[in-house]
Amino acid sequence: MTDSTTTTAGLPVSFDDAVARYEPVIGLETHVELGTASKMFCGCPTVFGAEPNSGVCPVCLGLPGSLPVINRAAIEYAIRIGLALNCSIASWCRFARKNYFYPDMPKNFQISQYDEPLCSDGYLDVEVEGQQVRIGIERVHLEEDTGKSLHIGGTAGRIHGADYSLVDYNRAGIPLVEVVTKPIAGTGALAPAVARAYVTELRDLMRALDVSDVRMEQGSLRCDVNTSIAPAGSDRWGTRTETKNVNSLRSVERAVRSEIERQAAVLDAGGRVIQETRHFHEDTGSTTSGRSKEEAQDYRYFPEPDLVPLAPAPQWVEEIRAGLPELPAARRARLQADWDFTDQDMSALRNAGALDLVEETVAAGASPDQARNWWLTELSRRANESGVELSALPVTPGQVARICALVAAGELNNKLARQVLDGVLAGEGSPDEVVAARGLSVVTDSGVLAAAVDEAIAANPEIADKIRGGKAAAAGALVGAVMKATRGQADAASVRDLILQRLGQA
Amino acid sequence: MAADTELITMTAAQIAAAVASGEVSSVEVTRAHLDRIAQTDVHVRAFLYVAEEAALAAAQAVDDQRTAGQPLGPLAGVPLALKDVFTTTDMPTTCGSRILAGWQPPYDATITARLRQAGVVILGKTNMDEFAMGSSTENSAFGPSHNPWDLSRVPGGSSGGSSAAVAAYQAPLAIGTDTGGSIRQPAAVCGLVGVKPTYGGSSRYGVVAFASSLDTPGPLARTVLDAALLHQAISGHDPRDSTSLDAPVPPVVAAARNPDVAGLRIGVVTELGGEGYASGVLTRFNEAVEVLESLGAKITEVSCPHFSYALPAYYLIAPSECSSNLARFDAMRYGLRVGDDGRASAEEVMSLTRAAGFGAEVKRRIMLGTYALSSGYYDAYYGKAQQVRTLIARDFAAAFEQVDVLISPTTPTTAFSIGERVEDPMAMYLADLATIPGNLAGNAAMSVPCGLAPEDGLPVGLQIMAPVLADDRLYRVGAALEAALDSRRGHPLLAEARGLEGVGGAEQEAGR
Amino acid sequence: MSITRDEVAHLARLARLALADDELDRFAAQLDVIITAVARVQEVAAAGIPPTSHAADLRNVFRDDVITPSLGAEAALAQAPAAEQDRFRVPRIGVED
Ligand SMILES: [Mg+2]
Ligand SMILES: [Zn+2]
């Protein structure tokens with residue numbers, strides 16, 4: 001039902017204008033692939049990138065006669081997630097079948113949970129621009145992933161216009177946890193940033209809990225974003241749209257932003273927003289219409305008769321609770337206090353993905369300030385230049401800490417230290433090996449240094465006179481000459497001291 | 001070649017003993033049954049696939065084992081007919097459906113594997129109502145099977161190929177599945193013993209699902225002891241089936257060998273009798289009750305007031321589960337594909353294939369189940385049916401406080417004629433009136449022959465129902481009744497079957 | 001009339017059954033009879049009666065998180081109506097979402 005008069009986009013509305021006049025409400029449904037060894041209901045492996053259809057069996061292929069058996073570890077992981085999200089854990093619940101036909105779903109129903117989720121009613125606190133926002137968690141439930149289709153013909157890779165498709169069921173049956181938020185209202189202009197902060201926090205949480213590798217680029221964390229807007233001050237919420245498969249942190253933010261702008265334009269033009277699925281496009285940063293949900297899907301949920309109910313013993317839940325690791329927010333607070341960092345320092349580290357790296361560098365002996373500076377400046381610049389994640393640079397926190405130690409001991413100056421880093425990144429070995437191979441240590445031989453100082457004084461008599469006359473600041477020019485003569489391998493402070501001493505000023 | 005009459009009329013227990021002692025070889029016995037199939041199956045049409053080579057090889061392996069002095073299991077070397085709903089790696093598995101014609105599964109059902117392990121010789125796969133939906137095998141895409149008592153009659157269903165095979169002496173044993181009576185009803189109308197074990201007592205792994213919460217594999221045989229031996233061989237916990245019970249198999253063989261009902265409290269279910277039941281069925285049933293009483297059983301009448309709602313509840317629950325279970329037959333990964341002309345979408349190909357591949361009864365039940373689960377109807381239909389299920393289980397629980405087992409006629413009528421009920425689904429559904437409550441509650445039940453109806457000379461079955469995991473009681477009562485009736489009659493009931501040539505007077509001495 | 005022909009057509013679409021017009025007519029009549037008959041479950045006073053979805057009273061049936069052998073692509077694809085590049089070849093997937 002696409003009535004063009006009600007969906008006309010209208011004139012473009014800027015984001016600031018939109019949020020000045022409309023109040024957005026968002027909601028997120030996040031699917032996370034669990035890092036269990038085997039699949040949700042069978043013993044096939046969960047590896048990413050294996051040969052097509054190599055990791056399938058009668059169960060995950062949905063062959064006639066096959067039956068599912070629940071992976072205990074998947075239940076344990078889901079409970080761990082539920083507890084970390086402050087949820088209640090159901091004392092009794094069931095799996096249900098969600099019935100719909102789709103070629104990548106071997107049984108044409110998905111084993112999921114319906115009205116009896118394993119975990120419900122929790123929250124996750126996130127920080128956005130210095131404000132703490134509490135995101136309500138509606139539910140956390142378990143389900144099975146689908147296979148993957150390759151679309152052949154038409155526009156390369158697109159389902160639209162493809163001639164046919166090729167399906168690989170390796171992914172079918174991998175355990176998925178679905179985390180559904182309650183509607184998030186009242187965040188106004190911060191809505192896009194809140195969405196991003198939530199997904200970031202959720203990702204960090206999954207990593208800390210060691211339940212998933214959460215690689216968004218590999219699809220092990222996938223987001224559906226619900227967005228609606230209503231005129232500011234209205235006591236009713238607007239019609240929501242569901243933007244599917246938003247698969248990077250940046251896209252989460254952009255999808256919310258563009259959907260707010262688009263809906264504002266529709267309402268401004270006197271139209272109405274229709275409840276539908278929309279697709280986010282990375283290239284344009286905007287969404288386009290998918291299937292209309294006005295004729296709602298009838299999934300005919302019913303309790304999965306091939307499985308028996310789940311009733312986690314309270315004792316088991318408490319054991320899992322007792323085994324929870326330190327959660328990201330608590331850890332950040334602890335590290336901030338230990339390191340004496342500002343809020344800005346901390347958010348800079350998080351945004352750069354450098355928190356773990358700095359922690360490890362400090363653990364390897366560097367001071368927190370040194371570690372932060374190296375990772376946020378020199379190393380961030382190099383990661384940017386080569387277009388990789390900070391953590392993907394070919395240098396270990398231990399090596400960074402060693403460079404810091406050499407600087408602190410006066411064996412390297414900053415310039416030399418950068419050259420040592422170059423060597424390490426170029427694969428020339430450890431910092432010590434690079435120092436040795438490139439001959440980069442600071443010139444400490446006093447005879448060599450004294451000769452260079454004397455040479456500089458002799459070559460610049462006027463400057464030397466000024467210094468003798470009490471103008472110590474003029475020493476800089478002589479220091480530069482000495483550094484040049486030693487090809488930068490001297491320690492500038494020592495050189496300066498030596499010059500002043502020679503000219504009777506120390 | 002005419003089958004060796006002596007070999008094909010032996011019971012499974014006798015064959016196993018003879019093979020173990022070296023009196024006959026399993027190959028000889030298997031050959032005799034293969035000959036019998038070749039000779040009679042043009043009339044009976046019990047088999048969809050006969051695995052001659054594989055069967056002889058399996059028989060040879062048992063004989064070799066014996067020669068090598070290795071111990072043999074209690075059914076080693078005994079031929080068996082397997083319902084075509086169990087997956088088999090060396091034979092197609094079609095479920096009587098065009099949509100699966102020729103499908104060769106890459107895995108064995110747990111029961112298939114256990115039979116092989118026990119040295120049982122699988123002769124082939126038997127005909128069935130498509131996906132086990134029906135009570136006559138007329139819903140098979142490959143044509144109906146015929147009742148060896150009267151070839152113009154149905155052999156019951158859905159395990160009608162299995163019951164026909166055993167009644168025709170093509171195999172001493174068969175495996176069926178019982179979702180609403182699909183073992184007991186064909187056993188009853190073919191004059192056989194058929195058992196639906198306690199739900200979860202026999203594995204469903206590799207049984208192509210009809211209704212998951214009801215499907216129960218079980219044995220068909222000509223004697224109670226044979227049924228017990230097969231029951232024992234296939235049962236027990238299976239970690240691949242989440243609904244499998246992790247409990248010891250009830251002592252069914254010992255019970256079958258101890259036919260004693262003295263002091264046993266037997267309840268006749270008030271609601272399963274009277275109106276709607278053929279007079280000949282009731283005559284034989286009532287006689288059997290008197291026989292049991294004469295053997296020392298204490299007979300009382302017990303009311304199970306909600307049993308009259310079992311049939312409607314069943315025809316909501318089973319179709320609902322089947323509508324979902326059968327969704328996987330979509331032409332994408334295996335089985336039939338229709339209409340893939342390079343332009344049609346996957347959705348269109350699915351719809352065309354399913355329309356062409358499923359028969360009318362399967363389509364009817366898929367749509368009925370789709371309806372019952374639809375939003376807006378769920379509570380009034382599926383939800384209500386689930387509550388009725390609770391009430392039926394409570395009726396059973398209350399009854400088993402008063403008595404040790406319940407009995408009733410297995411079916412309201414004897415075997416009906418082929419074609420008689422095809423156009424009237426509701427009339428067909430009535431065949432399972434008495435057997436369905438046991439499926440809904442999940443308890444154990446057996447049908448045992450209790451004579452021939454005077455009006456048509458066709459077999460009548462008596463149903464015995466026992467509590468969950470009290471399957472042994474079925475065998476105790478069944479064996480007692482069998483022994484008493486056989487001795488009165490002077491021969492097993494099946495010796496009176498007249499539908500087929502070739503097993504004449506000889507079998508009258510055989511069997512015991 | 002408990003079910004109309006249009007409703008039957010809708011059910012057939014949901015269940016992916018391409019039924020011919022005469023089949024729809026026949027099924028509509030039969031389903032009407034059956035639905036009327038099974039609607040008897042609604043006569044039972046069942047307020048407060050819990051539903052039973054399983055005959056067996058089991059819970060917490062799990063398997064350990066252990067990898068077991070898979071079929072391998074060749075066996076997995078052996079019965080496929082069409083295959084290409086070790087994948088199941090299926091007709092174009094009509095755009096749903
Ligand atoms: Mg989901
Ligand atoms: Zn698998």
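Visitor: What covers the buried residues of helix 16 of chain A?
Guide: The cover includes helix 14 (446-459), helix 15 (461-468) and helix 17 (492-502) of chain A; each helix is a DSSP run (H or I, at least four residues), numbered from the N terminus. This is a predicted model, where local features need pLDDT of at least 70, side-chain atom pairs need pLDDT 80 or more, and totals for chains, interfaces and linings use all residues. Residues are numbered from 1 along each chain as written, chains are lettered from A and ligands numbered from 1 in written order, and side-chain values use heavy atoms, without hydrogens and water.

Visitor: Which residues of helix 16 are called buried?
Guide: A:Ala475, A:Leu478, A:Val479, A:Val482 and A:Met483, because buried means under 20% relative accessible area (exposed is over 50%, partly exposed in between; 1.4 Å probe, protein chains only).

Visitor: Why do you say they line one face of the helix?
Guide: Seen down the axis, they fall within an arc of 140°, so they share one face. The arc is that of the directions from the helix axis to the C-beta atoms.

Visitor: How many residues of chain A are in contact with chain B?
Guide: There are 32, and they meet 39 residues of chain B; contact means heavy atoms within 4.5 Å.

Visitor: What makes B:Arg204 and A:Asp306 a salt bridge?
Guide: A salt bridge needs a side-chain nitrogen of Lys or Arg within 4 Å of a carboxyl oxygen of Asp or Glu. Here the side chains meet at 3.0 Å, N to O, so the pair fits the rule. The rule finds one salt bridge across this interface.

Definitions and conventions
Helix = DSSP H or I, 4+ residues; strand = E, 2+ residues; numbered from the N terminus.
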